[in-house]
Amino acid sequence: MTFPHAGVSVRAAQHRREVIQQAGPFLSPQETASVLGVSVTGLEHLRARSVSIGVPIDDAWRYPAIQFQDAKPLHRLQEVLAAHYNIAEWVILDSLMAVDTAFGNRSIINLLEEKDDLSIDRVVTLLKDQYAP
């Protein structure tokens, strides 16, 4: 017996590995809490409030280091994360890392790192239009 969705699962797993490679390195909750100067419980609250993004890897939360600069979340990261209303963490991370020709072949992470507020405004508007309840 063959499973018709087996190929989809394999492609999804491969894509997830590519996103991990692109977004890495990843920090443990303890490392991330230390970087941000909060407790692990405080970090969980930050993730729940869309201040930072964590993704489940091997049954544990991991935090892409790329989202932090100078021991703080990137400029306007919370606003961008919140605009991904009710979307799975892996989809959000994929969205953050995807290069878009509309933004000069830059990703959302690039826009945040560069503090390109005009482009970030456009991203937030597009995300809210797409994901708002």
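A salt bridge here is a side-chain nitrogen of Lys or Arg within 4 Å of a carboxyl oxygen of Asp or Glu. Searching the whole structure turns up five of them, and this tour visits some around Arg-76.

Before you click, know that this is a predicted model, where local features need pLDDT of at least 70 and side-chain atom pairs count only at pLDDT 80 or more, while totals for chains, interfaces and linings use all residues. Residues are numbered from 1 along each chain as its sequence is written, and side-chain values use heavy atoms, with hydrogens and water left out.

**Stop one.** Select Arg-76 and Glu-79. Their side chains meet in a salt bridge, 2.9 Å from N to O. Glu-79 has a relative accessible area of 34%, so it counts as partly exposed (buried is under 20%, exposed over 50%, partly exposed in between, with a 1.4 Å probe and protein chains only).

**Stop two.** Keep Arg-76 and add Asp-117. The closest N and O atoms of this salt bridge are 3.1 Å apart. You're now linking distant parts of the chain, 41 residues apart: Asp-117 sits in helix 7 (residues 117-131), and Arg-76 in the loop between strand 5 (72-73) and helix 4 (77-83). Helices (H or I, at least four residues) and strands (E, at least two) are DSSP runs, numbered from the N terminus. Asp-117 is partly exposed too, at 33%.

**Stop three.** Add Asp-121, also in helix 7. Its side chain meets that of Arg-76 in a salt bridge at 2.6 Å, N to O, and this pair is 45 residues apart. Asp-121 is partly exposed at 38% relative accessibility.

Now show all four together: Arg-76, Glu-79, Asp-117 and Asp-121 form one network, joined by salt bridges that share partners.
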